[in-house]
Amino acid sequence: MDWTALTKFSHDDGCSRNAAPGRLSEILARTGAAIAGLSLALCAGAAQAQDSQAPAEAQAQAPADRFDGKPFWELVIGPFAVHFSNESDHKHVFLLGIERNLPGAPEWSYADATIWGFSAFRNSFGQSSAYAYYGFRWDNLFGHPNWYAKISGGVIYGYKGEYEDKVPFNHDGFGLGIIPAIGYRVTPNDAVQIGTLGTAGLIFTYNRRF
């Protein structure tokens, strides 16, 4: 807009002077229209910005929604274990596993989900071992949505030789195991968990949903 037009009025004759108020009204009308248009454009831009924020907020909440009552996989990493006894034979324990969580469980179990999985680990005596299992998960432990409990049972392989008696019903390295665990979900994706290794000790794991 040419703002100098407000001052460009001719004074040569009466006809020009009489036209000045009409021209001024026209300029003011156009200015008002431009301001109104700009205001509408700014309002539209603000509304669009709010709309663009909505998907981002929905995305931030997506992880919780994605796992709510749906099957998921969980990566299990056990960096260390604590033993109840100080046997000199004990070695550093490391575990890596994968677990499937499925909503629903047998009515008699009162569980919220069924779990099954497989883990490979180095046992307390330095032997390569594995655990294939099936079990259940209970959510909202102690009335808190972040706490949960699990129990699994299955076949353990790897305790051989002089350490065969460390696992019940062990035969040629194959034995039976039952592992109760309690966990705390730090985020919708991440949890920390403590599992018992029979009467031998505790294993600490980090669990990542995906």
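## A walk around the barrel

Start by selecting glycine 135, which stands opposite serine 152 in β5. What you have open is a predicted model, and this pair of residues is a handy doorway into its main feature.

**Widen the view to two strands.** Select residues 128-139 for β4 and residues 147-157 for β5. The two pair in the antiparallel sense, over 10 bridges. For another rung of that ladder, pick aspartate 139, whose bridge partner in β5 is tyrosine 148.

**Step onward from serine 152.** Which residue is the bridge partner of serine 152 in β6? Click on isoleucine 179 and you have found it. Now colour residues 174-185, and you have strand β6, which pairs with β5 over 11 bridges, again in the antiparallel sense.

**Go the other way, to β3.** Select residues 113-122 for this strand; 10 bridges join β3 to β4, and the two run antiparallel. Glycine 117 is a good spot to zoom in, as it stands opposite tyrosine 133 in β4. Follow the chain from β3 into β4 and you trace a hairpin with 5 residues between the strands. In that turn, stop at glycine 126, which has a positive phi of about 80°.

**Look across from the turn.** Keep glycine 126 selected and add histidine 90, found in the loop between β1 and β2. How far apart are histidine 90 and glycine 126 in sequence and in space? They are separated by 36 residues along the chain, yet by 7.7 Å C-alpha to C-alpha. Show the surroundings of histidine 90 too: leaving out residues up to four places away in sequence, it touches His83, Ser85, Ser124 and Phe125.

**Zoom out to the whole barrel.** Here 8 strands close up in the order β1-β2-β3-β4-β5-β6-β7-β8, with antiparallel pairing. From one strand to the next, the twist averages 25°. As background, strands of a sheet pair through backbone hydrogen bonds, either parallel or antiparallel.

**Hunt for a salt bridge.** A search of the whole structure turns up 5 of them. To see one, select lysine 150 and glutamate 74, whose side chains meet at 2.9 Å, N to O. This pair links distant parts of the chain, with lysine 150 in strand β5 and glutamate 74 in strand β1, 76 residues apart.

**Turn on the surface.** Select Trp73, Leu75, Phe94, Leu96, Leu102, Trp116, Tyr134 and Phe210 together. They form a nonpolar patch, with about 730 Å² of accessible area together. Which strand gives the most to the nonpolar patch? That is β2, with 3 residues; leucine 96 lies in this strand. Both β1 (72-83) and β2 (94-103) supply at least two residues of the patch.

**Finish with confidence.** Colour the chain by pLDDT: the mean is 80, and 68% of the residues reach 70 or more. Then select residues 1-19, where pLDDT stays under 50 and the model has 15 contacts beyond four places in sequence. Last stop: residues 56-62, where pLDDT also stays under 50 and the model has 0 such contacts.

Notes
Residues numbered from 1 in each chain as written. Heavy atoms only, no water. pLDDT = per-residue confidence, 0-100. Contact = heavy atoms within 4.5 Å. Pairing = 2+ DSSP bridges. Helix = DSSP H or I, 4+ residues; strand = E, 2+ residues; numbered from the N terminus. Axes fitted to C-alpha atoms, helices over the stretch in contact; angles between N-to-C directions. Patch = residues over 30% accessible without salt bridge, like charges linked within 9 Å, V, L, I, M, F, W, Y side chains within 5 Å. Areas by Shrake-Rupley, 256 points an atom, 1.4 Å probe, with all protein chains shown as cover. Salt bridge = Lys/Arg side-chain N within 4 Å of Asp/Glu carboxyl O.
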